[in-house]
Amino acid sequence: MIPSDQAYMARALELARKGLYSTHPNPRVGCVVVKDGMVIGEGWHVRAGEPHAEVHALRQAGENARGATAYVTLEPCSHFGRTPPCADALVKAGVARVVAAMQDPNPQVAGSGLRRIAEAGIAVESGMLEAEAREINVGFIKRMESGLPFVRVKLAMSLDGRTAMASGESQWITGPAARRAVQRLRARSSVVLSGADTVLLDNARLNVRPEELGLDAELTALAAQRQPLRVLVDGRLRVPLDAPFYQAGPALVASCAADERYAAAGHELLALPGADGHVDLRRLLLELAARGANEVLVEAGPRLAGAFARLGLVDEYRIFMAPKLLGSSARPLLDLPLERMAEARELKISDIRAVGDDWLITAHPVP
């Protein structure tokens, strides 16, 4: 390892993050080309179907790429998809060395890209800042490795762990800064998923509102070009078709029965009855992954969020905590009936930070 390797890879990761809101269903990738201690080319993957990060960086480097080192946050692809293989582009450019943060989990690549580059006589290294690279693409990695998307559950609660008053009133527990953070969570997700209770009580639309993202102009413009798929879990079809949720655009409805009215109204209905009389949530996630969903954001009430938790389908919790007390009659964070301490669900807190006047806790279930 050359001492400056980490700095150049850190820059490549910074570029990859620029694709946080636009690359779905592809991974977020950045690339930096360096020669004689100078950066001569940079690039990042903007959206599916367009040139990959390596191509942008090599175009910028031009003929100077010969003999250079390419730092890329994900193993260069080796197969023809909607664009040609990046491994071939690096070989053709004549780079002397390729440093990858991690191997591509896509079975169509999975080491073959780096192998092709090495067979061309180019020095290859992998594993540089791998943990950071995996964090950027947690959803893509999980979908490739397990056939399921990464499920992130967003919750907003008071200091005493309550999410709404007994009547269901919940707007607004948290402040403007937290709501902007939620908009960014939506924008990075492939799917935003909720249940009938939340949509009925809050008149929720669950769309991304670019003007509320709090991003710079470039990223706001990219986020504005793509709305995540909005999914409603409504087993008994309680939400009327004239509700604000349906007026916000086409949606996917997961239910326990079929109904032709939804297709006529421009929505898709999936009948996914489970053995317990509720929608089969695991089957729903498998279906979403098959459609290319990397990250699913669950914005739901205690019952649906609790169902995901009970089934072990949650990968990450994002819990916004407001400095308020809602009282003992208010609704709990999760409908998760446990009777003994031995049944407690253990979480690992990975981050706590202030968001305006509120706090954001990021936690992951302990296997």
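This note goes through a few sites and strands of the structure, which is a predicted model.

1. Strand β6. This strand covers residues 150-158, and 9 of its 9 residues are buried, so β6 is largely enclosed by the rest of the structure. F150, R152, K154, A156 and S158 point one way from the strand, while V151, V153, L155 and M157 point the other way. Residues with charged side chains, R152 and K154 among them, are thus found on the list of buried positions.

2. Partners of β6. Strand β12 (residues 295-298) runs parallel to β6 and is joined to it by 4 bridges. Within that pairing, V153 has V298 as its bridge partner. β6 also pairs with β13, again in the parallel sense, over 7 bridges. Here R152 stands opposite E316 of β13.

3. Helix α13 and what follows it. α13 is mostly covered, with 7 of its 9 residues buried. Those buried residues are P302, L304, A305, G306, A307, F308 and A309. After the helix comes G312, which has a positive phi, near 70 degrees.

4. D315. This residue sits in the loop that connects α13 (302-310) to β13 (316-322). Which side chain does the side chain of D315 meet in a polar contact? The partner is the side chain of K142, at 2.8 Å. A polar atom of the D315 side chain also lies 2.8 Å from the backbone nitrogen of V151, and V151 is one of the buried residues of β6. Setting aside neighbours within four places in sequence, the contacts of D315 are K142, P149, F150, V151, H364 and P365. The loop residue D315 therefore touches F150 and V151, both of which belong to the enclosed strand β6.

5. Strand β3. Both faces of β3 (residues 69-72) are covered. T69 and Y71 are buried on one side, and A70 and V72 are buried on the other. β3 pairs with strand β1 (residues 30-35) in the antiparallel sense over 4 bridges, and Y71 is the bridge partner of V32. With strand β4 (residues 97-100) the pairing is parallel, also over 4 bridges; in that case T69 is matched with R97.

6. E54. This glutamate belongs to helix α2 (residues 53-61). Is E54 buried or exposed? E54 is buried, yet it has no salt bridge. R59 carries the nearest side chain of opposite charge, and that is 11 Å away. Apart from neighbours within four places in sequence, E54 is in contact with C31, V72, L74, P76, C86 and L90. One of these, V72, is a buried residue of β3.

7. Cysteines beside E54. A search of the whole structure finds 0 disulfides. C31 takes part in none, and the nearest cysteine sulfur to its own, that of C86, is 8.5 Å away. Why does C86 form no bond with the closest cysteine sulfur? That sulfur is in C77, and the separation of 3.8 Å is too far for a bond. The cut-off for a disulfide is 2.5 Å between the sulfur atoms. Both cysteines that touch E54 are buried: C31 has a relative accessible area of 0%, and C86 likewise counts as buried at 0% relative accessibility.

How values were computed
Residues numbered from 1 in each chain as written. Predicted model: local features only at pLDDT ≥ 70, side-chain atom pairs only at ≥ 80, totals over all residues. Heavy atoms only, no water. Helix = DSSP H or I, 4+ residues; strand = E, 2+ residues; numbered from the N terminus. Polar contact = N/O pair within 3.5 Å; in protein donor to acceptor, adjacent residues only side chain to side chain. Contact = heavy atoms within 4.5 Å. Buried < 20%, exposed > 50% of the residue type's maximum accessible area, 1.4 Å probe, protein only. Lys, Arg positive; Asp, Glu negative; His and termini not counted. Salt bridge = Lys/Arg side-chain N within 4 Å of Asp/Glu carboxyl O. Pairing = 2+ DSSP bridges.
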